[in-house]
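Open the model in your viewer and keep the sequence panel beside it. The tour goes from one selection to the next and says what is found at each stop.

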Amino acid sequence: QAKEGAIEAVRELRLIADVYPVTSPFPSPTWVWDRTLWLAEVFDFKPSEVISTAAKHTVGGNVLVDDKPQHVLDWMAEHPNGVGLLWHIPNTRTLTQYDHLRVKNWTQVVEKVKAL
């Protein structure tokens with residue numbers, strides 16, 4: 001199930017930018033394929049648009065949205081002109097040192113991308 005507003009936000013972002021889901025694979029023999037199918041069904045991504053890697057910092061782009069602070073920090077170090085956004089989740093709420101990177105909903109993501 002997609003987060004509230006995600007489908008509409010991704011649709012809107014795809015009108016103004018190239019959007020590629022970058023997802024870390026889980027240790028399961030079918031996880032990558034299952035995730036790719038879900039992204040196709042829910043967001044209409046082609047399998048060739050889905051990037052499965054634990055090394056998210058190696059993926060180019062202007063913006064990375066992720067829920068793991070280390071992924072965002074590593075990506076920003078590799079892409080100093082890029083914008084890293086930390087998706088707010090319960091287990092990162094006490095990490096206030098990342099509040100300047102934090103987004104709490106899809107509206108905020110779209111606003112920040114449009115501001116670029």
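Start by selecting Asp 44, which counts as exposed because its relative accessibility is 59%. This is a predicted model, and every stop below should be read with that in mind. Asp 44 sits in the loop that runs between H2 and S2. Check its backbone angles: phi is near 65°, a positive value in a residue other than glycine. Most residues other than glycine have a negative phi.

**The nonpolar core**

Next, select Leu 13, Phe 43, Phe 45, Trp 87, Trp 106 and Val 109. The largest nonpolar core has 16 residues, and these six touch the most other members. Two or more residues of this core come from each of helix H1 (6–16), helix H2 (31–43), strand S4 (83–87) and helix H4 (106–114). In soluble globular proteins, nonpolar side chains tend to be buried together.

Stay on Phe 43 and display what surrounds it. Setting aside residues up to four places away in sequence, Phe 43 touches Ala 2, Ala 6, Ile 7, Val 10, Arg 14 and Trp 38.

**Helix H1**

Now colour H1 by burial. Which of its residues are buried? They are Ala 6, Ala 9, Val 10 and Leu 13. Look down the axis of H1: the buried residues fall within an arc of 95°, so they line one face of the helix. Turn to the other side of H1 to find Arg 11 and Leu 15, which are exposed. Add H2 and H4 to the view, since the buried residues of H1 pack against these two helices.

**Helix H4**

Move to H4 and select Trp 106, Val 109, Val 110 and Val 113, the buried residues of this helix. Viewed along the axis of H4, they fall within an arc of 95°, so these buried residues also line one face of their helix. What covers the buried residues of H4 includes H1, S3, S4 and strand S5 (102–103).

Then zoom in on the start of H4. There a side-chain oxygen of Asn 105 reaches to within 3.1 Å of the backbone nitrogen of Thr 107.

**Inside H2**

Select Thr 36, which is in helix H2. Is Thr 36 buried or exposed? It is buried, because its relative accessible area is 8% and buried means under 20%. Leaving out residues up to four places away in sequence, Thr 36 touches Pro 47 and Val 50.

**The largest pocket**

Switch on a pocket display if your viewer has one. Rolling a probe the size of a water molecule over the atoms shows where empty space is left. The largest pocket holds about 1300 Å³ of space. It is lined by 41 residues, and the closest to its centre are Tyr 20, Pro 21, Val 22, Val 65 and Trp 106. The elements giving two or more residues to the lining are H1, strand S1 (22–23), H2, S3, helix H3 (69–78) and H4. Which element gives the most to the lining? H2 does, with five residues.

Pick out Pro 21, one of the residues closest to the pocket centre. Pro 21 is found in the loop between H1 and S1 and is buried, with a relative accessible area of 13%. Apart from residues up to four places away in sequence, Pro 21 touches Leu 39, Phe 45, Glu 49, Val 50 and Ile 51. Measure from Pro 21 to Val 59, C-alpha to C-alpha: the two are 38 residues apart along the chain and separated by 11 Å.

**Two residues in one loop**

For the last stop, show strand S2 (51–52), strand S3 (63–66) and the loop between them, which holds Asn 62. Lys 56 lies in the loop between S2 and S3 as well. Lys 56 counts as buried, at 7% relative accessibility, whereas Asn 62 counts as exposed, at 61%.

Beyond residues up to four places away in sequence, Lys 56 touches Val 22, Thr 23, Ser 24, Asp 66, His 71 and Trp 75. With its neighbours within four places in sequence left aside, Asn 62 is in contact with Trp 75, Gly 82 and Val 83. Finish by adding His 79: Asn 62 and His 79 are 17 residues apart in sequence, with their C-alpha atoms 8.0 Å apart in space.

Notes
Residues are numbered from 1 along each chain as its sequence is written. This is a predicted model: local features need pLDDT of at least 70, side-chain atom pairs count only at pLDDT 80 or more; totals for chains, interfaces and linings use all residues. Side-chain values use heavy atoms; hydrogens and water are left out. A nonpolar core is a set of buried Ala, Val, Leu, Ile, Met, Phe, Trp, Tyr and Cys residues joined through side-chain atoms within 4.5 Å. Buried means under 20% relative accessible area, exposed over 50%, partly exposed in between (1.4 Å probe, protein chains only). Helices (H or I, at least four residues) and strands (E, at least two) are DSSP runs, numbered from the N terminus. Contact means heavy atoms within 4.5 Å. The arc is that of the directions from the helix axis to the C-beta atoms. A polar contact is a pair of N or O atoms within 3.5 Å; within protein, one must be able to donate a hydrogen and the other to accept it, and residues adjacent in sequence count only if both atoms are side-chain atoms. On a 1 Å grid over the protein atoms alone, a cavity is a set of points where a 1.4 Å probe fits but cannot get out, and a pocket is an open set with protein on both sides within 12 Å along at least five of seven lines; lining residues have an atom within 4 Å of a point. Grid points are joined across faces, edges and corners, and a volume is the space filled by probe spheres set on the points.
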